[in-house]
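This report describes the sheets, the core and the ligand surroundings of one protein chain. Please keep the structure in view while reading.

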Amino acid sequence: MEEVSSGTTGPKATKMKTEPKLSSDNETYKLRARNIDVFYGDFQAIYDISLDILDHSITAFIGPSGCGKSTFLRLFNRMNDYIDSFRMNGRILLEEEDIYASSVKVEELRKKIGMVFQKPNPFPKSIYENVAYGLRIQGIKDEDFIEQRVVESLKQATLYDEIKDDLDKQALTLSGGQQQRLCIARTLAVKPSVLLMDEPTSALDPISTAKIEELIFELKKKYTIVIVTHNMQQAGRISDNTAFLYMGKLIEYGDTQKIFTNPEKDRTQNYITGRFG
Ligand SMILES: Nc1ncnc2c1ncn2[C@@H]1O[C@H](COP(=O)(O)OP(=O)(O)OP(=O)(O)O)[C@@H](O)[C@H]1O
């Protein structure tokens, strides 16, 4: 392996002479995107992005509205597949598996790579059933197992203590911040290893936002987290690495502190200092 040059970008990224391997000396890459182009019909939304995401880290995607952050994030659990006009070039590897290979079952992939959206979207069911949902659709019938997993997931999402006596209550009666933590618990219940978060706090008040940020920070011990955020303070507070996208291109990617204090590109500097965007 040799030090990175153009084409492959990542924290301490390395350019592979052969097929990408998943570990450098002491760090492991969980996800790798290689030469990704995305099109919606004739419109190109992503241009030749290659980037590696470290395991057990928080990676933030930042950039002005429309630069392609959500499009890029959604590639990692194939959410763009729902869009008729979507087309892509390139490869995305989860560990060593090409997630767009024809052998991949998308439902299985989404168990491994869960997603939390901008607006909390609980089902109109009880708190308990929201978290149990993913297990039930897998055909799991063992109620003791389901209950144990529901409680464990709610605890991990730091919601359990607030609602433990109300598990049968309608999820839609929870506050926005609680609903978002419930959605995180629902995602955790099927034991993913990666969590994708698309502006998970943008619909929340500052106190709920702080709780979710603490939770995300805690979750990185067990999960690899990729988060899209418009909030640069948030990216600076919680992420280990930051990718700055502009008009579908990856401008700069690396250690968050460096990106925010001493970026290499003028365009990054202009964006993080609020000169545009
Ligand atoms: N389903 C779609 N069909 C056509 N064009 C789309 C579709 N989704 C996104 N786009 C376009 O692709 C580009 C990137 O959009 P995307 O939502 O990924 O950007 P973003 O950086 O996440 O924006 P925002 O911060 O506003 O959410 C935009 O020009 C957008 O209009």
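Helices and strands are here runs assigned by DSSP, of at least four residues for a helix and at least two for a strand, and they are numbered from the N terminus. The model is a predicted one.

**Backbone angles**

Most residues other than glycine have a negative phi. Arg 78, in the loop between α1 and β6, has instead a positive phi of about 60°. Asp 48 belongs to strand β4 and also has a positive phi, near 45°. How exposed are Arg 78 and Asp 48? A residue is partly exposed when its count of C-beta neighbours within 10 Å falls between the limits of 12 or fewer for exposed and 20 or more for buried. Arg 78 has 18 such neighbours inside 10 Å and therefore counts as partly exposed. Asp 48 has 15 inside 10 Å, so Asp 48 is likewise partly exposed.

**The antiparallel sheet**

Strands of a sheet pair through backbone hydrogen bonds, in either a parallel or an antiparallel sense. In this model, one open sheet contains 4 strands in the order β4-β3-β6-β7, with antiparallel pairing. Its edges are β4 (43-54) and β7 (97-98); each has a single partner strand, so one side of each lacks a neighbour in the sheet.

Within this sheet, β3 (residues 29-40) is joined to β6 by 8 bridges, and Leu 31 has Leu 94 of β6 as its bridge partner. Strand β6 (residues 86-94) pairs with β7 over 2 bridges, where Leu 93 is matched with Asp 98 of β7. β6 and β7 form a hairpin with 2 residues between them, and Glu 95 in that turn has a positive phi of about 50°.

**Strand β9 and its partners**

Is strand β9 mostly covered or exposed? Of the 5 residues of β9 (residues 194-198), 5 are buried, so the strand is mostly covered by the limit of 20 or more neighbours. In a regular strand the side chains alternate between the two faces of the sheet. In β9, Val 194, Leu 196 and Asp 198 point one way, while Leu 195 and Met 197 point the other way.

The pairings of β9 are listed below.

| Strand pair | Direction | Bridges |
|---|---|---|
| β8 (residues 113-116) and β9 | parallel | 4 bridges |
| β9 and β10 (residues 224-228) | parallel | 5 bridges |

Met 197 takes part in both pairings: it stands opposite Val 116 and opposite Ile 227 in β10. From β9 the chain passes through helix α7 (residues 206-219) to β10, and this β-α-β crossover is right-handed.

**The nonpolar core**

The largest nonpolar core has 65 residues, and those with the most contacts inside it are Ala 185, Leu 196, Ile 225 and Leu 245. Leu 196 is also one of the buried residues of β9. Beyond its neighbours within four places in sequence, Leu 245 is in contact with several residues, among them Phe 61, Cys 67, Lys 69 and Phe 72.

**Around the ligand**

Which residues come nearest to the ligand? Of the 13 residues around the ligand, these are Tyr 40, Ser 65, Lys 69, Ser 70 and Thr 71. Lys 69 is also a contact of Leu 245. Both β4 and α1 (69-75) supply at least two residues of the shell, and α1 gives the largest share, 3 residues. By class, the shell has 5 nonpolar, 7 polar and 1 charged residues.

Key: Residues numbered from 1 in each chain as written. Predicted model: local features only at pLDDT ≥ 70, side-chain atom pairs only at ≥ 80, totals over all residues. Core = buried A, V, L, I, M, F, W, Y, C linked by C-beta atoms within 7 Å. Contact = placed C-beta atoms within 7 Å. Pairing = 2+ DSSP bridges. Right-handed = clockwise from strand over helix to strand, strands pointing away. Near = placed C-beta within 6 Å. Nonpolar A, V, L, I, M, F, W, Y, C, P; charged D, E, K, R; others polar.
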